[in-house]
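Q: Please take a close look at one part of this protein for me: the strand pairing and what packs around it. I would like one connected account that I can follow on the structure.

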Amino acid sequence: MGNPLGCAAALASIGEMKRLKLDARSRELGEWLATRLARIGKVRGRGLMLGLEVGDAVPIVEKLLQRGVLVLPEGSQGEVLGLTLPS
């Protein structure tokens with residue numbers, strides 16, 4: 001709704017992302033990771049927001065969560081292991 005404090009925080013965040021060139025870093029790391037994940041299966045996404053088609057992601061998600069890895073099942077049937085990594 002245009003809250004001045006919220007807008008100032010957003011602009012400062014965007015400025016830092018540009019200064020650190022996080023868009024380019026995300027693109028480069030995403031390409032690197034997607035290439036490696038493609039050895040396992042079909043990869044979806046851009047940058048560091050990727051998904052790996054695995055058939056049924058739920059059991060894999062549960063095992064990874066037990067190990068402290070935060071991933072989500074995605075896709076209309078929960079057939080994609082969703083990865084959203086920091087740049």
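A: Happy to! Two strands count as paired if DSSP finds at least two bridges between them; helices (H or I, at least four residues) and strands (E, at least two) are DSSP runs, numbered from the N terminus. What you see is a predicted model, in which local features need pLDDT of at least 70 and side-chain atom pairs count only at pLDDT 80 or more, while totals for chains, interfaces and linings use all residues. Residues are numbered from 1 along each chain as its sequence is written, and side-chain values use heavy atoms, with hydrogens and water left out.

Let's place the sheet first. The protein has three helices and four strands, and from the N terminus on they follow the order α-α-β-β-α-β-β. The four strands build an open sheet, arranged β1-β2-β4-β3 with antiparallel pairing. Its edge strands are β1 (43-46) and β3 (72-74), each of which pairs on one side only. From one strand to the next, the twist averages 30 degrees; angles run from 0 to 180 degrees between N-to-C directions of axes, which are lines fitted to C-alpha atoms, for helices over the stretch in contact.

Now walk across the sheet, starting at β1. Four bridges join β1 to β2 in the antiparallel sense, and one pair to look up is arginine 46 with its bridge partner in β2, methionine 49. These two strands form a hairpin with two residues between them, and glycine 47 in its turn has a positive phi of about 60 degrees.

The next step takes you from β2 to β4, which run antiparallel and are joined by five bridges. Here leucine 52 stands opposite leucine 81 in β4. Four of the five residues of β4 are buried, so this strand is largely enclosed by the rest of the structure. Buried means under 20% relative accessible area, exposed over 50%, and partly exposed in between (1.4 Å probe, protein chains only). Across the protein, 21% of the 87 residues count as buried.

The last step leads to β3, which pairs with β4 over three antiparallel bridges. Leucine 72 has glycine 82 in β4 as its bridge partner, and glutamate 74 stands opposite valine 80 in β4. This pair of strands also makes a hairpin, with five residues between them, and glycine 75 in the turn has a positive phi of about 90 degrees.

Proline 73 deserves a pause, as a member of strand β3. Its relative accessible area is 37%, so proline 73 is partly exposed. Not counting residues up to four places away in sequence, proline 73 touches Ala57, Val58, Val61, Gly78 and Val80, where contact means heavy atoms within 4.5 Å. The C-alpha atoms of proline 73 and aspartate 56 are separated by 8.2 Å, although the two residues are 17 apart along the chain.

What lies against the sheet? Helix α2 lies across β1, β2 and β4, and runs at about 5 degrees to β2. Helix α3 also packs on the sheet, where α3 touches β3 and β4 and its direction makes about 40 degrees with that of β4.

That brings us to the side chains. The largest nonpolar core has 10 residues: Leu33, Ala34, Leu37, Leu50, Leu52, Ala57, Val61, Val71, Leu81 and Leu83. Two or more of them come from each of α2 (22-37), β2 (49-53), α3 (57-66) and β4 (80-84), and α2 gives the largest share, three residues. A nonpolar core here is a set of buried Ala, Val, Leu, Ile, Met, Phe, Trp, Tyr and Cys residues joined through side-chain atoms within 4.5 Å. Leucine 37 is a good residue to zoom in on: leaving aside neighbours within four places in sequence, leucine 37 is in contact with Val43, Leu50, Leu52 and Leu83.

One more stop is the loop between α1 (4-19) and α2, where you will find lysine 21. Most residues other than glycine have a negative phi, but phi of lysine 21 is near 55 degrees, a positive value. With a relative accessibility of 57%, lysine 21 counts as exposed.

To step back for scale, the C-alpha atoms of the protein fill a box of roughly 45 × 30 × 25 Å along the principal axes. Among contacts between residues at least 6 apart in sequence, 38% join residues at least 24 apart.
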